[in-house]
Amino acid sequence: MDSQGYNCFVDRDKMNTAIQDLGPKELSCTELQELKQLARQGYWAHSHTLRGKVYQRLIRDIPCRTVTPDASVYSDIVGKIVGKHSSSSLPLPEFVDNTQVPSYCLNTRGEGAVRKILLCIANQFPDISFCPALPAVVALLLHYSIDEAECFEKACRILACNDPSKKLIDQSFLAFESSCMTFGDLVNKYCQAAHKLMVAVSEDVLQVYADWQRWLFGELPLNYFARVFDVFLVEGYKVLYRVALAILKFFHKVRAGQPLESDNVKQDIRTFVKDIAKTVSPEKLLEKAFAIRLFSRKEIQLLQMANEKALKQKGITVKQKSVSLSKRQFVHLAVHAENFHSEIVSVKEMRDIWSWIPERFALCQPLLLFSSLQHGYSLSRFYFQCEGHEPTLLLIKTTQKEVCGAYLSTDWSERNKFGGKLGFFGTGECFVFRSSLSSSSDPADRLSPFLATRHFNLPSKTESMFMAGGNDCLIIGGGGGQALYIDGDLNRGRTGHCDTFNNQPLCSENFLIAAVEAWGFQDPDTQ
């Protein structure tokens with residue numbers, strides 16, 4: 001260690017440029033809440049020595065499996081695993097999925113040390129099948145470790161965390177993929193303007209969101225990533241979602257004023273993150289991240305579990321290795337021109353709608369359940385055709401050629417539980433939307449969705465009034481008004497503001513119906 005606490009793996013000049021060592025040298029607090037505030041404020045962000053001490057303390061306190069490899073294990077195995085190979089020529093473990101090792105402020109020796117540590121981790125954790133975030137974590141930790149063995153031990157403790165309530169790093173393709181889907185769901189909910197832009201400029205919006213971890217673990221400059229990691233060690237995985245959402249918000253702010261044409265928006269975001277210092281400081285990035293009123297940790301966990309369940313049903317397992325991204329089922333690819341026909345929307349319009357659907361269902365193909373032009377203008381027939389299907393998509397076209405509709409999370413048979421009376425049911429994944437069919441309109445404004453406030457924990461009765469069906473009418477949204485009301489003859493309807501979705505009218509407030517369709521979701525593997 002030199003006078004500033006830098007080890008032999010760090011390029012001192014690069015480090016001094018990236019993070020000036022000007023901060024306090026000691027930390028006395030022990031309370032978690034105070035530690036959380038200090039992490040968010042960047043208390044140890046400008047002290048190399050103190051950050052190293054804090055990392056050591058926080059990682060030491062992670063609850064781990066009984067047998068977790070430590071520094072002495074590294075000393076015993078590194079020679080046998082590395083042998084006489086040059087550090088720079090060592091292959092990376094398969095589980096990093098060809099991820100490049102970010103050098104940050106490491107020198108050549110440091111870059112080689114990261115490869116050695118990763119190979120030793122692979123030797124000690126044979127159950128890790130997919131972990132592209134690990135090279136960045138090891139590279140960061142090496143800046144703040146005395147030697148390779150200490151860095152190895154820190155990384156092992158993060159990987160060996162056995163607290164089910166404290167998720168840290170995805171270690172399987174199943175966990176990684178479900179995290180990508182969960183991030184996409186959160187974007188739909190909390191970054192609607194940015195999501196509209198992504199839908200407008202990208203062919204495969206899910207492919208864009210599948211890159212979210214790379215923004216953090218690879219593209220962010222060291223001084224930004226270290227600030228994120230400071231808070232991550234204290235608060236856990238939810239911080240990563242927050243920061244990635246904030247990055248997307250800033251990207252949208254910069255990009256929104258430019259023409260909506262891009263050959264590769266995925267690469268554009270990577271470049272934006274790499275050069276993020278031109279746009280926002282680390283402090284402003286975290287400030288934006290924590291200003292987002294995100295789901296509770298429990299709600300995110302439920303969403304993650306739902307996405308994992310959907311992936312398991314498609315054959316994705318914990319042991320499965322990575323698959324080629326080209327083989328992934330992206331949201332836009334689920335609606336194919338050759339087998340899709342609607343009297344209300346085009347293939348492109350259906351793809352836009354599909355991009356707002358929860359990702360575990362967006363992987364499915366649309367299946368026509370009911371069409372007023374085929375089955376007649378009858379609400380009872382509508383229910384008959386839709387019962388047994390969950391979720392469903394409702395499309396309405398008015399005689400004025402306005403288009404609107406709703407994504408409905410729950411089987412319409414639930415209405416029978418109310419004994420013939422009109423009662424609300426459904427979940428917070430329901431949403432309503434209106435669509436502008438004008439080809440001259442801004443692509444990002446062609447679809448206007450209005451989403452419910454929360455997915456799971458509903459704060460008030462009016463915010464849980466999602467869908468209701470009786471013999472005489474069908475209602476979507478309630479509280480202070482109705483987002484959609486359709487009569488029993490599927491002839492007339494009305495729309496207005498409601499508290500559930502806080503929406504504007506979806507079309508003319510009183511309208512005559514030209515066509516109604518209901519669509520279900522069919523797993524492409526079962527066709």
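The legends below accompany close-up views of a predicted model.

**Figure 1. Overview of the protein chain in the predicted model.** The protein chain contains 20 helices and 11 strands, and 56% of its 527 residues count as buried. Among contacts between residues at least 6 apart in sequence, 72% join residues at least 24 apart.

**Figure 2. Strand β3 and its two antiparallel partners, β2 and β5.** Strand β3, residues 403-408, is largely enclosed by the rest of the structure, because 6 of its 6 residues are buried. The cover extends to both faces of the strand, with V403, G405 and Y407 buried on one side and C404, A406 and L408 buried on the other. Strand β2 (residues 392-398) pairs with β3 in the antiparallel sense over 6 bridges, and within this pairing T392 has L408 of β3 as its bridge partner. The two strands form a hairpin with 4 residues between them, and K401 in the turn has a positive phi of about 65°. Strand β5 (residues 431-435) also pairs with β3 in the antiparallel sense, here over 5 bridges, and S435 in β5 stands opposite V403.

**Figure 3. The cis peptide bond between E390 and P391.** The bond that joins E390 and P391 has an omega of about 0°, whereas most peptide bonds are trans. P391 belongs to the loop that runs between α20 (379-386) and β2, and β2 is in turn the strand that forms a hairpin with β3.

**Figure 4. Two loop residues with positive phi, Y104 and L490.** Most residues other than glycine have a negative phi. Y104, although it is not a glycine, has a positive phi of about 50°; Y104 is found in the loop between α4 (71-82) and α5 (108-124). Because buried means under 20% relative accessible area, Y104 counts as buried at 13% relative accessibility. L490 likewise has a positive phi, near 50°, in a residue other than glycine, and L490 is found in the loop between β9 (484-487) and β10 (492-494). With a relative accessible area of 2%, L490 is buried.

**Figure 5. The contact of helices α4 and α5, whose axes cross at roughly 105°.** Two packed helices are described by the angle between their axes and the distance between the axes. For α4 and α5 the axes come within 10 Å, and the two helices are therefore roughly perpendicular to each other. From α4, the residues V73, Y74, I77, V78, I81 and V82 meet K116, I117, L119, C120, N123 and Q124 of α5. The residues of this contact divide into 9 nonpolar, 2 polar and 1 charged.

**Figure 6. The contact of helices α6 and α12, whose axes cross at roughly 95°.** Helix α6 (residues 134-143) and helix α12 (residues 222-235) have axes that come within 11 Å, and the pair is therefore roughly perpendicular. On the side of α6 the contact involves A136, V137, L140, L141 and H143, which meet L222, F225, A226 and F229 in α12. The residues of this contact comprise 8 nonpolar, 1 polar and no charged.

**Figure 7. The surroundings of L142 in helix α6.** L142 is buried, with a relative accessible area of 0%. When neighbours within four places in sequence are left aside, L142 is in contact with N7, F9, L106, G110, A113, V114, I117, D147, E148 and C151. One of these residues, V114, is 28 residues apart from L142 in sequence, while the two are 7.5 Å apart in space, C-alpha to C-alpha.

**Figure 8. Helices α3 and α13, with their spans and burial.** Helix α3 (residues 48-60) has 13 residues and reaches 18 Å from its first C-alpha to its last, close to the 18 Å expected at 1.5 Å a residue. The buried residues of α3 are H48, L50, R51, G52, V54, Y55, L58 and I59, and these pack against α1 (12-18), α2 (32-41), α6, α7 (148-159) and α12. Helix α13 (residues 238-255) has 18 residues and reaches 26 Å from its first C-alpha to its last, close to the 26 Å expected at 1.5 Å a residue. Helix α13 is mostly covered, with 15 of its 18 residues buried.

Key:
Residues numbered from 1 in each chain as written. Predicted model: local features only at pLDDT ≥ 70, side-chain atom pairs only at ≥ 80, totals over all residues. Heavy atoms only, no water. Buried < 20%, exposed > 50% of the residue type's maximum accessible area, 1.4 Å probe, protein only. Pairing = 2+ DSSP bridges. Axes fitted to C-alpha atoms, helices over the stretch in contact; angles between N-to-C directions. Parallel < 35°, antiparallel > 145°, perpendicular 65-115°, else oblique. Contact = heavy atoms within 4.5 Å. Nonpolar A, V, L, I, M, F, W, Y, C, P; charged D, E, K, R; others polar. Expected span 1.5 Å × (residues − 1).
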